[in-house]
Amino acid sequence: MTSPALYGPSGGTRRGGLRQRLRRLADAAVTPLDLDDVLDVFHPLRGGLGDTGLRGRIVEVRPETADSATVVLKPSKDWAGHVPGQYVRVGVDVDGVRLWRTYSLTHGPRRDGCLSITVKAIPGGVVSGYLVRRARAGQMVQLAQAEGDFVLPDPLPAKLLLVTAGSGITPVIGMLRNLFSRATTPATDITLVHVNVNEDSAIFRDELRAHAAAGHLTLVERYDDRDGMLDVDSLSTIVPDLDERLAYACGPAGLLDALEAHHAARGLDLTTERFRTPLLEASGEGGSLTLATTGVTVDAAGDTPLLDVAEAAGALMPSGCRIGVCFGCVLPLREGVVRDLRNGQVTVATPGDGVAIQTCISAAAGPCTIDR
Ligand SMILES: Cc1cc2nc3c(=O)[nH]c(=O)nc-3n(C[C@H](O)[C@H](O)[C@H](O)COP(=O)(O)OP(=O)(O)OC[C@H]3O[C@@H](n4cnc5c(N)ncnc54)[C@H](O)[C@@H]3O)c2cc1C
């Protein structure tokens, strides 16, 4: 019988029908293998796999400082683009286990279609250590589409203040590279206060100095070993027209908390990007955590995510962003009571239940048992 798809009214339909037939033929040819598995070997960055099939090939791993590196990735065709300042979730196979982490994009959209992230290896950090020291060009990673609202407004304000500390420079360098790569440098008056422990650990130090020398921005370098810890109350001395500047900040929680309080007290807006979620202070008594499959029971403090408690007990846990965004850590709560560390909300499961909880933002609020 004639296929309606092949002889339909539009050429597009004919092509679609032909493609389906070719696909069926190819499927038959590679049976018992899966065609996509075969194509993965020859064309892993092809499109048409949807968001869950999004991936990237590492093109380069370029050291930045002793413990940080820029990883350049060629994304597959389904990559939908990003706005500078946004982040991407990256799924990395470390010793056979796929782990998802979040990294800010350190460029605007690039001519070569590549993405770049800059990773600082934190002590004991599984994925950051892997990406900085073990990842190699040619390796594949999984990707998710870009997300995040730490982005500059359009049109730009007359004056900007950017405050970054340590690896907190990453989303901001993405914004700056994008602005300064335009045919005409924006008229915005930009001050960047970049805080680091010492000069050697300052990621993108030379590039930022070059921008400052070219008159693109005013760069205030602060080094703890030379200047002492930045006291945010001294910010108005460092940046006299602080009140006129739209402010963005990215860095450790302590600095961001202090900046938020400082700006709120002056009635000023501040947009922050946190690499770790501000969890509530100890909001409960805690309890015990039982891992159902192994029967292991450990003490679980009321301010510590169950994910951390279980990992400290030696369990291999599913995890992702660790800030309650990606749902990569969801497990069934079989029994017990947990508290959401972001808002204090309590979830109770009675025996036989399997209430899905995010272990990265849930802490014990009594004895609890999870499916692990
Ligand atoms: C929106 C967003 C953007 C980010 N952008 C970047 C970026 O551009 N560059 C970058 O290097 N990192 C960035 N991060 C942090 C990154 O996602 C990982 O948390 C970090 O690389 C640590 O992962 P790991 O697997 O090495 O550590 P893990 O093995 O998961 O943790 C090891 C230890 O470090 C602690 N830890 C975990 N994460 C952090 C953290 N962020 N800071 C301090 N201690 C931590 C854990 O509690 C644990 O004790 C970003 C995070 C978010 C949420």
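Leu 259 touches Val 163, Val 232, Ala 249 and Leu 270, leaving aside residues up to four places away in sequence. That's a handy way into this model, which is a predicted one. The chain has 372 residues, and 35% of them count as buried. Its secondary structure comes to nine helices and 17 strands.

**Helix H8, where Leu 259 sits**

- H8 covers residues 253-265, so to speak a 13-residue helix, and reaches 18 Å from its first C-alpha to its last, close to the 18 Å expected at 1.5 Å a residue.
- Leu 259 has buried company in H8, namely Leu 255, Leu 256 and His 263.
- These buried residues are on the same side of H8 because they cover an arc of only 95 degrees around the axis.
- What packs over them? The cover on the buried residues of H8 includes strands E7 (159-165), E10 (246-250) and E11 (270-273).
- Turn to the face pointing away from the buried side and you find the exposed residues Gly 254, Ala 261, Ala 264 and Ala 265.
- After H8 comes Gly 267, with a positive phi near 70 degrees.

**Nonpolar cores**

- Leu 259 shows up again in the largest nonpolar core, a set of 32 residues, where it is one of those with the most contacts inside the core.
- Leu 162, Val 163, Val 172, Leu 192, Tyr 248 and Ala 249 are also on that most-contacts list.
- Two or more residues of this core come from each of E7, helix H4 (169-180), strand E8 (189-196), E10 and H8.
- H4 is the top contributor to this core, giving six residues.
- Apart from this core lies another one, with 24 residues, including Trp 79, Tyr 103, Leu 131 and Ala 146.
- As a general backdrop, nonpolar side chains in soluble globular proteins tend to be buried together.

**Contacts along the chain**

- Take the contacts in the chain with a separation of 6 or more: 65% of them are between residues 24 or more positions apart.

**Around the ligand**

- Which residues come nearest to the ligand? Of the 24 around it, they are Gly 125, Val 126, Val 127, Ser 128 and Thr 170.
- Strand E4 (97-104), strand E5 (115-120) and helix H3 (126-133) each put at least two residues into the shell around the ligand.
- By type, the shell is a mix: ten residues are nonpolar, nine are polar and five are charged.

Note on methods
Residues numbered from 1 in each chain as written. Predicted model: local features only at pLDDT ≥ 70, side-chain atom pairs only at ≥ 80, totals over all residues. Near = placed C-beta within 6 Å. Helix = DSSP H or I, 4+ residues; strand = E, 2+ residues; numbered from the N terminus. Nonpolar A, V, L, I, M, F, W, Y, C, P; charged D, E, K, R; others polar. Expected span 1.5 Å × (residues − 1). Buried ≥ 20, exposed ≤ 12 C-beta atoms within 10 Å, placed from the backbone. Arc of directions from axis to C-beta. Contact = placed C-beta atoms within 7 Å. Core = buried A, V, L, I, M, F, W, Y, C linked by C-beta atoms within 7 Å.
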